[in-house]
Structures are given as C-alpha cells and as structure tokens.
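The exercises below ask the reader to examine one protein model step by step. Each task is followed by a worked solution.

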Amino acid sequence: MYLFTTLDKINKKIIYESFIEAFSDYSVNIFLPYEDFEKMLIGKWFNSEISIGLFHEEKLIGFILNGKREWNGKETAYDMGTALLPSYRGYGFSKKMIKEILKLLKEKNVEQYLLEVIQDNKNAFELYKAHDFKISRDFSVFQLKKNSCIPSASIPYKIETVSEISDNMWEIFKTFWDFSPSWQNSINSVKAVKEIFSYVIVKDKNNIIGYGIIEKNSGKIPQLAVDKNYRNKNIGKNIINRLTSCTDGDFIKFINIDRKCENIEKFLKSLNFEISSLQYEMMLEI
C-alpha cells in the first residue's frame, strides 16, 4: 500500500535516511552528515507542513522537502529536494508527488513555487516544464580545489575576518550586488544558520568596499561582492584567498551564479575556477 502524508509528524532521522539513500546515485555528490542535514533544513527554511512523503509499507520511499517564506513580496514555497529511492523510479511516482504537493500548496495559500534543477537532469526538467514551471534564471556552479587557489597581490586596504554581520552591513552589501542571490544563498538563509559561516570584509579607511562569506565545513561561498567603484583592484581575489583559509572543505564552490553576469564568470575563470554544473531556477505561479 502506498500512502502520501505531510512530514510534520515524521522523525527527521527517518527523513535523513531516505534523503541519503535517494540521492546516493545523484550526479552531484550531496552526502551530508546528519548535523549538516539539520543545518540545511534550517538554512533553507524547511517547513514540514508543506512537505510530503510517499510511504510504502511504512518505509519512506519518496519525498518533496519544501521551505517557505516571503520571496519577492509573495508567500513562496521552495523545493529543497525531490527524490525517490532508486528501486521505486520509473513507475510514475514523481508525477503523483508533484500533483500532490501542488494541491497541498494551493490549500495552504502559497502563491508561488520556486525550485532549481540541474540542466542535465532532462527528466526532472521536463517534469517541471509539463507542470507549467517557467525558467526564471540560468545559473552556473563553479568550483576549484582549495590548494589550487592563485595567490593574489597585496592591496592597500584593510581585510579582516569578522564574527557577524549587522543589519547595517547587509544594507551596504546589497549595493554591491550585480544580481540577487538565489534562495539558498540569500540573506535570510545565511542569517538562519549564521554560525556555520565565516565572514570577511574589506575596508578603505572606515568604508566597507567588499565582502565574502564561506561555509566553514563545505567551502561553499554563498555571497561575494565588491563595490563597483573599487573593482579590478585585486580585492575580490584577496577576499577569496582569505575565505579559503577559513574553511576545511577540499573545494571552494560558488553555487548559482547568474549567467547574465558575464563579468563574474570571467573573473572566476581567471582564477582557474571551472563550471561543474549548470542549473535553471524555475518558478510556478499557483
């Protein structure tokens, strides 16, 4: 017997075990220790009441994990992960899960549904497209082995590691952006698990002119930007090198760089970063 249910009464350890098994053969390695899985749920604003599981004889064989918060002024659900255990694929369960979750989101008065899909995952992309999801942005994912970072020339500005970011600093940072960060890299996501990050800022006297943020364990950099009046002065390179010293990860990764920002891609490639995958951000108005 197959049964759909929301995940609000399901132990997170059960969800975790299913998550690891379901993504064990995924094209991108996303294995996480349980503590990191818990942080991921918090950082992406997991909401168990709008997340569903598919059970077969009391075993969780498939799921859609959703976060929820306001996004661009609308109540938004974000697909943190949709998957089936390998032995249950090919039987149409994915379509049934999508149908079930859209019905639930409508009942919960969610206005829009946001997700990201790897462009090489043709089956998933076509599934979302068939349910009227539209491409909103084209993203690239960059990575570089930590020990391959290029040393940067010194700069006449003060670079320092800080323990936290104030609201005033966030407002300054936003003026540096060339594009708005994706859901998982947004200010709200960083704030939700602020203790897992290290923060670097660059100052010209008392004025902040650049910053970067990195996950201490994974090496993921959710945000990095430099004041437009201070670019091409080796500031970005220095920020990356300082961030590299703040992580235990083997790779330095930039996830979800908007491909319209060709200057950012050119900058990362100049530092020997390589594109490891491409993603679409997709949106459905409910």
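The exercises begin with the whole chain and then turn to single residues.

This is a predicted model, in which local features need pLDDT of at least 70 and side-chain atom pairs count only at pLDDT 80 or more, while totals for chains, interfaces and linings use all residues. Residues are numbered from 1 along each chain as its sequence is written, and side-chain values use heavy atoms, with hydrogens and water left out.

**Exercise 1. Describe the overall form of the protein.**

Step 1. Secondary structure is assigned from DSSP runs, numbered from the N terminus: helices are H or I runs of at least four residues, and strands are E runs of at least two. The protein has eight helices and 12 strands.

Step 2. The radius of gyration is taken over C-alpha atoms, and the globule rule is 2.2 Å times the number of residues to the power 0.38. For 286 residues a compact globule would have a radius near 19 Å; the protein has 20 Å, which agrees.

Step 3. Along the principal axes, the C-alpha atoms fill a box of roughly 65 × 35 × 30 Å.

Step 4. A residue is buried under 20% relative accessible area, exposed over 50%, and partly exposed in between (1.4 Å probe, protein chains only). Buried residues make up 50% of the 286 residues.

Step 5. Contact means heavy atoms within 4.5 Å. Among contacts between residues at least 6 apart in sequence, 74% join residues at least 24 apart.

**Exercise 2. Determine how helix α2 packs.**

Step 1. Helix α2 spans residues 34–43, and its buried residues are Y34, F37, M40, L41 and G43.

Step 2. These buried residues pack against α1 (12–22), β3 (59–71), β4 (74–84) and α6 (187–192).

Step 3. Just after α2, W45 takes a positive phi of about 65 degrees.

**Exercise 3. Establish the surroundings of T247 and T244.**

Step 1. T247 lies in the loop between α7 (235–244) and β11 (251–258). With a relative accessible area of 2%, T247 is buried.

Step 2. A polar contact is a pair of N or O atoms within 3.5 Å; within protein, one must be able to donate a hydrogen and the other to accept it, and residues adjacent in sequence count only if both atoms are side-chain atoms. The side chain of T247 reaches the backbone oxygen of K216 at 2.9 Å. A polar atom of the T247 side chain also lies 3.2 Å from the backbone nitrogen of G219.

Step 3. Leaving aside neighbours within four places in sequence, T247 is in contact with residues including K146, I214, S218 and I252.

Step 4. T244 lies in helix α7 and is buried at a relative accessible area of 8%. Leaving aside neighbours within four places in sequence, T244 is in contact with K146, C149 and I252.

**Exercise 4. Decide whether F173 is buried or exposed, and list what it touches.**

Step 1. F173 is found in helix α5 (residues 167–174). Its relative accessibility is 0%, so F173 counts as buried.

Step 2. Not counting residues up to four places away in sequence, F173 touches I165, I201, I208 and Y211.

**Exercise 5. Examine the positive phi values of D132 and N256.**

Step 1. D132 is not a glycine, yet has a positive phi of about 75 degrees. D132 lies in the loop between α4 (122–130) and β6 (134–145) and is partly exposed, with a relative accessible area of 48%.

Step 2. N256, also a residue other than glycine, has a phi near 70 degrees. N256 is found in strand β11 and is buried, with a relative accessible area of 1%.
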